[in-house]
Amino acid sequence: MTVDALSFARAIAAGQIRVVDLTQTLSQDFPTIVLPPEFGQCAPFRIEEISRYDERGPAWYWNNISLGEHTGTHFDAPIHWISGKDLPNNAADTIDVTKFIAPAVVIDCSKECAADPDFALTIPFVEAWEARHGKIEPGHWVLLRSDWSKQDFTKYANLRDDGAHTPGPEPAVVKWFVEERDVHGFGTETIGTDLGQGHHFNPPFPAHFYMHGKGRFGLQCLTNLDLLPAKGAVIIAAPLKIKQGSGSPLRVLALVS
Amino acid sequence: MISGKNSEMISGSQRKSYDDVVACLPVTIPYRRYSTNSAHWWLGRALQELTKRAKIRPADIDGLAVSSFTLAPDTAIGLTQHFRVSPRWLDHIPFGGASGIVALRRAARAVQAGDADIVACIAGDTNHVDSFRKTLSNFSRFAQDAVYPYGSGGANASFALITKNYMNLYGAKREDFGKICIAQRDNALAIPFAMMKKKLTLDEYMTARPIADPIHLFDCVMPCAGAEGLFVCREDVAKSLKLPYVRVLSTIERHNAFASDPIQIRGGWAADISDLWSMAGLKPGAIDFVETYDDYPVIVTMQFEDLGFCKKGEGPDFVRSHTFTNDGSFPHNTSGGQLSVGQAGAGGGLLGLVEAIRQLIGEPLGSAVPDARTCVVSGFGMINYDRGLSSGAAILARA
Amino acid sequence: MTEPLVRPKRKNPLQRTRQPLSPQGLRSRTAHGLTAAAAEGRFALQVCEDCKTVIYPPRDCCPSCLSVRLPFRDVVPNGVLVAETTVQVSTDSYFRERTPWRVGTVKLDAGPLIVAHLHGDTQEGQRVRLALKLDKSGSAVAMALPEKDTPNMADDPHLREMTCDPKFRRVLITDGRSPVGQAMAKAFADAGASIVFVGIADPWKPFPGLDALRKIAPVEIVPLDLTDTESVTEQAEQNGARIDIVVNTAEHVRSGGIVDRHGLTVVREQIDIRYLGLVRLAQAFGPILRARGADDVNAAGAFVNLLSVHALMNWPTYGSYSAAEAACLSAAHCMRAELRPGGINVMNVFFGPLETEWFQTVPPPKLAPSALARAVVRGLQEGLEDVFVGDVAEDVRARLAVNPKALERELAS
């Protein structure tokens, strides 16, 4: 097969390939992950005007921004988690750039998540999905569609006095994704790739533990997953080239033909 | 602490008389309500008038005493260069309404001792539209710290409290104060440059605009621009200049007297009054007319008491028993005083003295006091905090 | 008897807002000894160390013995109002629009005579008690109050010029998430504030006390995040013109010092929430407050800073916290100068450890948030500028006055 980059560009320009934006707007009030207050906290997105056609800069408008590596729609590199800390090329600046473009499958759990905010994805659930859509092939992102991105911020964070209640995968299915399906990474619409209550699993935060432990990636705070097909979308997710970065806010695009 | 062990060792010595000392050449630069000219201009005009009428050159003046509130940043020394005079005796006298008497006292001793031959005493101020407020707001440290922030009523408010207390203590009525103001107005009717020369009725006085209770409009002087001047010299000098003159019989001066009176009910005159009369060899009954310092009639009333014309507390009765007009009993403030003529700043301290000389040499601007031979002139000034601090008086006699 | 204040009508939008003016605030250096006393609500005059004469107006030399040792000491404030006058004509623009204005001469039992502003319930010839107040210029003035409290006496218009009573005023509590913020909302509601805006950041984060807060009648919850310039600006744009008092309750209490701390994250948060938060509030609300300093009965009146007393001297156990508080204290001094033209009182309220979770391991005495809130209200009612609340705050202040170096060593041990 001859691959022609120019034809690809023409197909996009002609609308033969759709581009879907999977990114939340970076804004000050978008929720960030909340850890117990005695731990270090991820900085929320903040923006300070440098000038706006005024005495601080008469003809130009620009801002200084500040944020954490895990603020807004963001990418998790393997180095983010202790299980991936010693892997080669595990940081935002050293990951092989070819990994930033990869196909995806979308597993629709939106009904289940609407019924149960603590919904946990299981192997049988995925096997049932595969029965309908076919086996997940190696090198694919697995994206969990929960429609969580359509909630208001209070329901989105869904904090109760025992912590956040948001859906995610149970430990066994993550391990299975990595070992049995050789996935590229795991992506969600929620603030983390793990369940809000994911710290009660063994291991705690299994999506982080298993994915990063095997050099796979994470995407969170995605949106518009409902616009993607179950199979066939290609994800462009290139984090900022932060020196030894554990991840990065980024623009995530899906190409759908 | 200071023990005061030696206090009793200090005994008063006999004061020397003012033999041969005379005052002459009364000069007034006609007052104006507001002026765009400076204090230098007004004082210069006074000095010019003095030299012109004495037919001498400015350089012939070897003594100069200056009083002014609006001369800043200059003082008397700056004026010597400004006017190109070269006195061998120079004084700047910043005592407001007491400055005239103080200048007379100092100049008298200077010419008597030969330190100067002719001392020109000049006093005056300009009045810009905002200079009154500026003078009030930084008049003194105590005024700045403890008076001006309280309603910023200026001297009106301070004298209102003094007046109120005096009325409470001695039963003075507003009508009594009104009588003083009305009589002065009558005396002022013939003064061409008087700020107020319309006859004043008691009804108008009583119903005037309140300023700071019980002070109403006609209890207050009107600030204006103007200057006053006179010469102090030895009798032989006055004679050689062919200037009519008056004799200085006695003077007193006192500052911050009776500090423990809760509210001012007397001025420093009361501390020295026997000295004033004994030095002059006169009794109050021998006086033909009186020029008091009259910024507010309550102070006039106190001066009647403290200068010995009646006892403390009898001021209201004294007022009720005299007319105070030039043609009546106890002629007082014979040109109308500051209450009618206006207050040309520090010029007000010389106003009574200048008018007294005019009456005694028989050259009054307005109506004459019949057969005027002796006169008491007093000065009062400097509301530093809650009361006037400086007072002085002099007895003058026709030569 | 003072006429009780009536709730101000809604503002006529066609009416020009009166610009703030101040009486003359210039004082001698010595006279600012009175300002220092007034700032804390004390009545102090100079008392000669050598001959014990009580002195007024402030002097640099004793009028009784010429001693120059004239410290300010608390003095019994009682005396007699000997004479009074009502100023109808004033040379000063501030007083011109407030005449008639009563002043009087008070003979203090302790000796001196004081020209003072008069509360409406004082009478000539009667006994009075004097208080030192800060006027709109920020300098001290004496005010004669009736000897015993009278009904509605706080509503006296002259007195209200020198206080910032929350009654009928609209208040912004910048952070309602903390026990202090919630206690403050209750205290201001109890004090008769007509609206208590309570700022909440990250409304998606639940917190205890929200329901109770909502039940306080004049409380209006508003979005406000002091770490977000846009959020602060938006709140000022939306409600700034109807906020008369700002009380900054934002806090960031963490133990730990400067050297023995891992990284900057916590320190940066402290600076962001406390110092930069204060700057954001100052920039967004300061100009509006300043412009509304003479806006009728509910004119803007105060900006309240809650400060750890360790802003005055670092407590290494809470070392970076103390440093952030010190930055806020310094900013408050700057704000005072900048808001002075509006007659806005920047009130600093100093406190020690609170009965809150972040001081959990600190032994008593600790201050209840409700006590802190009541002190803030009382300080505004009395027109104070520096308020020390609780035993620890008082103790630190006293020890600082005696020997700052000793205090530094003591806090380090």
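**Exercise 1. Find what follows helix α6 of chain A, then work out how covered this helix is.**

Start at the end: α6(A) is followed by A:Gly215, whose phi is positive, near 75°. Before going on, note that this is a predicted model, where local features need pLDDT of at least 70, side-chain atom pairs count only at pLDDT 80 or more, and totals for chains, interfaces and linings use all residues. Residues are numbered from 1 along each chain as its sequence is written, with chains lettered from A and ligands numbered from 1 in the order in which they are written.

Helices here are DSSP runs of H or I with at least four residues, strands are runs of E with at least two, and both are numbered from the N terminus. Call a residue buried if 20 or more other C-beta atoms, placed from the backbone, lie within 10 Å of its own, exposed if 12 or fewer, and partly exposed in between.

Now count: α6(A) spans residues 206–213, and eight of its eight residues are buried. Among them are A:His208, A:Phe209 and A:Tyr210. The cover includes β4 (74–76), α5 (171–181) and β12 (217–220) of chain A.

**Exercise 2. Sort out which chains touch, and describe chain A's side of its contact with chain C.**

Two residues are in contact if their C-beta atoms, placed from the backbone, lie within 7 Å. Chains A and B do not touch, and their nearest C-alpha atoms are 38 Å apart. Of the two pairs of chains in contact, B and C share the most contacts.

Next, take A with C: 12 residues come from chain A and 10 residues from chain C. On chain A's side, α4(A) gives the largest share, four residues. By type, that side holds seven nonpolar residues (Ala, Val, Leu, Ile, Met, Phe, Trp, Tyr, Cys and Pro), two charged (Asp, Glu, Lys and Arg) and three polar (the others, Gly among them).

**Exercise 3. Check chain B against the globule rule.**

The rule is 2.2 Å times the number of residues to the power 0.38, with the radius of gyration taken over C-alpha atoms. For 399 residues, a compact globule would come out near 21 Å; chain B has 20 Å, which agrees. Its C-alpha trace spans about 55 × 55 × 50 Å along the principal axes, and buried residues make up 59% of the chain.

**Exercise 4. Lay out the open sheet in chain C.**

Strands pair if DSSP finds at least two bridges between them. The order is β2-β1-β3, with antiparallel pairing. β2 (54–55) and β3 (72–74) stand at the edges with a single partner strand each, so one side of each lacks a neighbour in the sheet. Finally, two bridges join β1(C) to β2(C), and C:Gln46 stands opposite C:Ile55.
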